[in-house]
Amino acid sequence: MTLSAYDLTGRTAFVTGAASGIGRATAALLAVAGATVHCADLDERGLKETAALIARDGGTAHTHALDVTDRAALAAAVRSAGPLHVMAAIAGIMHTSPVLETLDEDLDRVLAVNFKGVLYACQEAARSMIASGTRGSIVTMASGAMDTASPGLLCYSVAKAAVVQLTKTLATETGPHGIRVNAVAPGWIRTPMTDRHEPAAQEQAEAAMVRHSPLGRVGEAEDIAHAVLHLASDASSFTTGQILRPNGGVAMPW
Ligand code: NAP
């Protein structure tokens, strides 16, 4: 036995949301595993920082400043990457509003980024893999919110539940091509998305998570990157249509 199943040398990966948090950590880890990584995000400056991080560690990165809700831009970027082996569709936004105050535009934007953006990435990746005959791996980013209810999280939860359905459905359709599709559903992870911008509020939010975690800590972006690497690599070659939950053993504590 060797650990070569985790080796991505010679493979091409495309990561959305790569300018920050979980996407950045994932892009960096996939590069360490040997992949050439195409990093896509809205945030051009953050993308440059991610690419520099990857180059510093001896990896190869290309950047694509784009909005994942722009299907044509995403398709062009994926095509420019050449035959794809891995897609990690990670870009997402947080939105909170009580159900009774939720506006059409709130729902439309969250579904556009968190669901349609993932759908477009999956479609483009699957097309690339089928066209090149690559037995690739697609990893989507769900959330513990996909099957729990929390005040204010309707739009976000609905979008993440939709990502799960997309993941499972696509896995049934691409399986015959040897293409695997799985989701990662993290618990609370310390990233800019969960930054409360105020130390006392941050401490309170994290303490609530820690109290409910058998492991007694919140997650870091690298914890999720390792879950993505597992699903992206041949180490999970018999796994498809599954949801991996790196959450410290805790469901949402309400
Ligand atoms: P993050 O640090 O805010 O990173 C998200 C990245 O996605 C940002 O660089 C953001 O750019 C980019 N992005 C947003 N909208 C985009 C769009 N339309 N097109 C292209 N890029 C876009 O958040 P994170 O915590 O790493 O979250 C990454 C994923 O994990 C998300 O799907 C999130 O829902 C999921 N997740 C996070 C947690 C957690 O606790 N952190 C838990 C469960 C699931 P801007 O900064 O310019 O908006």
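Reader: Which residues make the nonpolar surface patch of about 410 Å²?
Author: First, this is a predicted model, where local features need pLDDT of at least 70, side-chain atom pairs count only at pLDDT 80 or more, and totals for chains, interfaces and linings use all residues. Residues are numbered from 1 along each chain as its sequence is written, and side-chain values use heavy atoms, with hydrogens and water left out. Patch members have over 30% relative accessible area (Shrake-Rupley, 1.4 Å probe, only the protein chains shown as cover) and no salt bridge (Lys or Arg side-chain nitrogen within 4 Å of an Asp or Glu carboxyl oxygen); like charges are joined within 9 Å, nonpolar side chains (Val, Leu, Ile, Met, Phe, Trp, Tyr) within 5 Å. Here the patch is made by Val-99, Leu-100, Leu-154 and Val-158.

Reader: Is Leu-100 buried or exposed?
Author: Buried means under 20% relative accessible area, exposed over 50%, partly exposed in between (1.4 Å probe, protein chains only). Leu-100 comes out at 85%, so call it exposed.

Reader: What is Glu-124 in contact with, leaving aside neighbours within four places in sequence?
Author: Glu-124 sits in helix α4, residues 104-132 (helices are DSSP runs of H or I, at least four residues, numbered from the N terminus). Its relative accessibility is 9%, so it counts as buried. Contact means heavy atoms within 4.5 Å, and that gives Arg-71, Ala-75 and Val-78.

Reader: How many disulfides does a search of the whole structure find?
Author: A disulfide needs two cysteine sulfur atoms within 2.5 Å. The sulfur of Cys-122 is 18 Å from its closest cysteine sulfur, in Cys-39, so that's too far for a bond. The count is zero.

Definitions and conventions. Helix = DSSP H or I, 4+ residues; strand = E, 2+ residues; numbered from the N terminus.
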